[in-house]
Amino acid sequence: VTASNGVRYESRKVFVAVFTFIKEQVWHYLKTLKLHHSIQGSTDIQWIITTPAFFDDIAKNKMREWAMDAGLADESIPNHIKIVYEPDCGSLFLHHSVLEIKRGKY
């Protein structure tokens with residue numbers, strides 16, 4: 001990965017740092033909402049990571065590997081991390097929103 005200043009960084013290093021930052025932000029957010037007591041640890045969170053639709057299985061597996069390296073998930077827990085294409089997530093969000101509207105929640 002090349003930074004805007006022209007310095008090149010190893011992709012793994014960048015993504016592990018980003019995933020570590022996201023994990024820290026989630027814990028900060030949960031503490032702010034005082035929800036952190038109901039969650040024992042990161043094993044209680046299912047992580048959904050979105051990727052562009054053009055990512056192949058190799059790229060998706062790299063994302064999973066780097067997320068694990070950042071401590072987001074435990075390999076022994078099935079589906080602890082899901083790597084999902086962004087268009088699929090958008091479609092599911094719209095479907096969920098329509099259902100919520102029909103239920104009168106919006």
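**Briefing: a chain with three helices and two strands**

The protein chain holds 3 helices and 2 strands. Keep in mind that this is a predicted model. Reading from the N terminus, the elements go α-β-α-β-α. With a radius of gyration of 17 Å, well over the 13 Å that the globule rule gives for 106 residues, the protein chain is more spread out than a compact globule.

**Overall dimensions and surface**

- Taken along the principal axes, the box filled by the C-alpha atoms of the protein chain is roughly 50 × 35 × 35 Å.
- Of the 106 residues in the protein chain, 21% are buried.
- The protein chain exposes about 7800 Å², and 58% of that comes from carbon and sulfur atoms.
- Take the contacts between residues at least 6 apart in sequence: 58% of them join residues at least 24 apart.

**The strand pair**

- Strand β1 covers residues 47–51, and strand β2 covers residues 81–85.
- The two run parallel, and 5 bridges join them.
- Want a couple of landmarks to click on? I48 has K82 in β2 as its bridge partner, and I49 stands opposite I83 in β2.
- Helix α2 (residues 57–69) goes with β1 and β2 to make a right-handed β-α-β unit.

**The two faces of β1**

- In a regular strand, side chains alternate between the two faces of the sheet.
- β1 shows this alternation: the side chains of W47, I49 and T51 point to one face, and these residues are buried.
- I48 and T50 point to the other face and are not buried.
- Put that together with the pairing, and I49, one of the buried residues, is the one that stands opposite I83, while I48, which is not buried, has K82 as its partner.

**The last helix and what follows**

- Helix α3 takes in residues 86–102, which is 17 residues.
- At 1.5 Å a residue α3 should span 24 Å, and its end C-alpha atoms are 24 Å apart, so the two values agree.
- Just after α3 comes G104, which takes a positive phi of about 80°.

Key. Residues are numbered from 1 along each chain as its sequence is written. This is a predicted model: local features need pLDDT of at least 70, side-chain atom pairs count only at pLDDT 80 or more; totals for chains, interfaces and linings use all residues. Side-chain values use heavy atoms; hydrogens and water are left out. Buried means under 20% relative accessible area, exposed over 50%, partly exposed in between (1.4 Å probe, protein chains only). Helices (H or I, at least four residues) and strands (E, at least two) are DSSP runs, numbered from the N terminus. Two strands pair if DSSP finds at least two bridges between them. A crossover is right-handed if, with the strands pointing away from the viewer, the path from the first strand over the helix to the second runs clockwise. The radius of gyration is taken over C-alpha atoms; the globule rule is 2.2 Å times the number of residues to the power 0.38. Contact means heavy atoms within 4.5 Å. Accessible areas come from the Shrake-Rupley method with a 1.4 Å probe; for residues, only the protein chains shown count as cover. The expected span of a helix is 1.5 Å times one less than its number of residues.
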